[in-house]
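Thank you all for coming; I would like to walk through one chain this morning, going sheet by sheet and then into the core. Please keep the structure open while I talk.

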Amino acid sequence: MIKVLTVGRLQEHTYFFIDEKTKHGFLVDPGDEAERILSEIMSHRWVIEKIILTHGHFDHIGAVEQIRNAIGCPVVIHEEGKAYLQNAEWNLSSIYGIGYTFDADEYVQHGDVIVLETNPDMNLRVIHAPGHTSDGAAYFCEKEKTAFVGDIIFNGAVGRCDNPGGNMNRLLSSIRAQIFTLPDETVLFPGHGPSTTVKHEKATNPFFNLYE
Ligand SMILES: [Zn+2]
């Protein structure tokens, strides 16, 4: 079961990926409005096993520390995310005068699988797809044919690449190699805007129709 809350000034999507049977699950990219996210968790009596980050930009990580302190669960990001979490200029929080830095609890690599303890079918494979940021990762659930893609790709667009660690050529080749090779029916849940599918983006995403 997937529920989304849209938070903060950049209207970032925070996803709850929850196993309905056990009420355990993952929280993806809690970007802002920690109180709202926490009250959602409490009201459903969900047990969040891990906070999973698609990348270290401030609009995806702003509520992490408050939620981690409240519910005491580990924070997971790709190993290149350390540079973003520990540097307010890289995570862009300095632009807003926040200066937000912290450390994750687990650093993962491409190919790692994050397993829900109460339901091993509900696992997420780490897919490193740099370009929007150097730490950009998608998390793919084979069983549900679902991927959380952060700002790698959107419905009809791709992430911007003009911030630290960004590179447009790298992003486009990441998407070709890592996202467009997922099953066509895979539903992509991005950090902003409507969800889409691999098939739809392969057929219609203007960044690829223009470049191919
Ligand atoms: Zn971003």
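How many bridges join strand 4 to strand 5, and do the two run parallel or antiparallel? There are two bridges between strand 4 and strand 5 (residues 75–78), and these strands run parallel. Before going further, I should say that this is a predicted model, in which local features need pLDDT of at least 70 and side-chain atom pairs count only at pLDDT 80 or more, while totals for chains, interfaces and linings use all residues. Residues are numbered from 1 along each chain as its sequence is written. When I say strand or helix I mean a DSSP run, E of at least two residues for strands and H or I of at least four for helices, numbered from the N terminus, and two strands count as paired if DSSP finds at least two bridges between them.

Let me stay with strand 4. In its pairing with strand 5, Ile51 has Val75 as its bridge partner, and Ile52 has Val76. With strand 3 (residues 24–28), strand 4 pairs in the parallel sense over five bridges, and here Phe26 is partnered by Lys50 of strand 4. Between these two strands the chain passes through helix 1 (residues 34–44), and this β-α-β crossover is right-handed, meaning that, with the strands pointing away from the viewer, the path from the first strand over the helix to the second runs clockwise. Strand 4, residues 47–52, is also mostly covered, with five of its six residues buried, where buried means 20 or more other C-beta atoms within 10 Å of the residue's own, exposed means 12 or fewer, partly exposed lies in between, and C-beta atoms are placed from the backbone.

Now the sheet as a whole. It is an open sheet of six strands in the order 1-2-3-4-5-6, with mixed pairing. Strand 1 (2–7) and strand 6 (106–108) are at the edges with a single partner strand each, so one side of each has no neighbour in the sheet. On average, neighbouring strands here are turned by 25 degrees against each other, direction ignored; for such angles, axes are lines fitted to C-alpha atoms, for helices over the stretch in contact, and values run from 0 to 180 degrees between N-to-C directions.

At the start of this sheet, strand 1 and strand 2 run antiparallel and are joined by six bridges, one of which can be followed from Thr6 to its partner His13 in strand 2. The two strands form a hairpin with four residues between them, and Gly8 in the turn has a positive phi of about 75 degrees. In strand 2, Glu12, Thr14, Phe16 and Ile18 point one way and His13, Tyr15 and Phe17 the other, yet all are buried. Strand 2 then pairs with strand 3 in the antiparallel sense over four bridges, with Leu27 as the bridge partner of Phe16, and in that hairpin, which has five residues between the strands, Lys23 takes a positive phi near 65 degrees.

What packs on this sheet? Helix 1 lies across strand 1, strand 2 (12–18) and strand 4, and runs at about 160 degrees to strand 1. Helix 3 (residues 64–71) touches strand 4 and strand 5, its direction making about 150 degrees with that of strand 4; contact here means C-beta atoms, placed from the backbone, within 7 Å. The buried residues of helix 3 are Val64, Ile67 and Arg68. They are on the same side of helix 3 because they cover an arc of only 100 degrees around the axis, taken from the directions from the helix axis to the C-beta atoms.

There is a second open sheet of six strands, ordered 7-8-9-10-13-14 and again with mixed pairing. Strand 7 (113–115) and strand 14 (196–197) stand at its edges. Strand 7 runs antiparallel to strand 8 (residues 123–128), to which three bridges join it, and Val113 is partnered there by Arg125.

Finally, the largest nonpolar core, a set of buried Ala, Val, Leu, Ile, Met, Phe, Trp, Tyr and Cys residues joined through C-beta atoms within 7 Å, has 52 residues, and Ile51 and Ala138 are among those with the most contacts inside it. Strand 9 (residues 137–141) gives the largest share of this core, five residues.

Terms used
Contact = placed C-beta atoms within 7 Å.
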